[in-house]
Amino acid sequence: MVNALDVQHLNYKKGKYVILNDVNFTVPHNAICIFAGNNGAGKTSTIKNILNLIPNKYGDVFIYGASSTKTISRNGVGYLSEKENFKLNISSRHFLYEQSLCSGNTINETNALIKLYTNKFCLSETKMEMPFKLLSSGLKKVVLIINAIICGHKLIILDEPTEYLDPKTRIIFNQVMKQLHAKGKTIFISTHNLKDVDNLINWLVIIEDGHIKYCGKRNTKKEIGAFFIE
């Protein structure tokens, strides 16, 4: 099976500042990959380059064998950005409905998926009908996680997904990630706090100051700690 992600010699600068320096890593199909690193290590810049959201990068990225420069490579990819920049007057339900249809789900699939994941994450009907912009930061994050799940037919990319989540929702998040993995989805989670996702890891990529320090199967906590400061 072709790798879900294959990042080759990725380099990226902001002006004279080097953000990513010869970044190379792979993520196998059906992995739960934790992309770990401290703040400023280059995690979000890497993700934006994977999704071709940043111009003037150097190197190659392949999503299930398709170059990230081609729009088709992002078909079936669900994405949660690190920062929520939506100022939506529409309800969360309307937002999820429109995004799901745009991703290729049918109306019946869309309604079933919204019901399934809003129930799993304990989102009430009242919250779902509220304008998105009026939700708390934690509930906004939950809605956007659900959106990434619904749109991620093959690959789900989540940038700092547990930020703003309360302890109960973090437990639910981990349970849902395991269920998605069991269904054959590939999940790529960026985080600077391994404690939140410690029991999910089966593939690990560690980045430090724009360099990849480790890529491979999880072995021991001691090995993780050698590269990562919690």
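## Salt bridges and a covered helix

Arg93 counts as partly exposed, with 25% relative accessibility. That residue is a good place to start in this predicted model, since Arg93 sits in helix 2 and pairs with Glu129 in helix 4, so the contact ties together parts that are 36 residues apart in sequence. The contact itself is a salt bridge, and the closest N and O atoms of Arg93 and Glu129 are 2.7 Å apart. Glu129 comes out as partly exposed too, at 46% relative accessibility.

Arg93 has another partner. Its side chain also meets that of Glu125 in a salt bridge, 2.9 Å from N to O. Here again distant parts of the chain are linked: Glu125 belongs to helix 4 (residues 125-129) and Arg93 to helix 2 (residues 92-102), with their positions 32 residues apart in sequence. And is Glu125 buried or exposed? At 54% relative accessibility, Glu125 counts as exposed. Put the shared partners together and you get one network made up of Arg93, Glu125 and Glu129.

Now for a pair elsewhere in the chain. Glu160 and Lys43 join their side chains in a salt bridge at 3.9 Å, N to O. What does this pair tie together? Glu160 is in the loop between strand 7 (155-159) and helix 6 (167-182), while Lys43 is in helix 1 (residues 43-50), so the bridge connects parts 117 residues apart in sequence. Both ends are tucked away: Glu160 is buried, with a relative accessible area of 5%, and Lys43 is buried as well, at 6%. The cut-off for buried is under 20% relative accessible area, so each of these values falls within that class.

In total, the model has 4 salt bridges. Those described here, among them, look like this:

| Pair | N to O distance | Separation in sequence |
|---|---|---|
| Arg93 and Glu129 | 2.7 Å | 36 residues |
| Glu125 and Arg93 | 2.9 Å | 32 residues |
| Glu160 and Lys43 | 3.9 Å | 117 residues |

Last, a look at helix 5. This helix covers residues 137-151, which is 15 residues, and spans 21 Å from its first C-alpha to its last. That is close to the 21 Å expected at 1.5 Å a residue. How many of the 15 residues in helix 5 are buried? The count is 13, so helix 5 is mostly covered.

Conventions:
Residues numbered from 1 in each chain as written. Predicted model: local features only at pLDDT ≥ 70, side-chain atom pairs only at ≥ 80, totals over all residues. Heavy atoms only, no water. Helix = DSSP H or I, 4+ residues; strand = E, 2+ residues; numbered from the N terminus. Expected span 1.5 Å × (residues − 1). Buried < 20%, exposed > 50% of the residue type's maximum accessible area, 1.4 Å probe, protein only.
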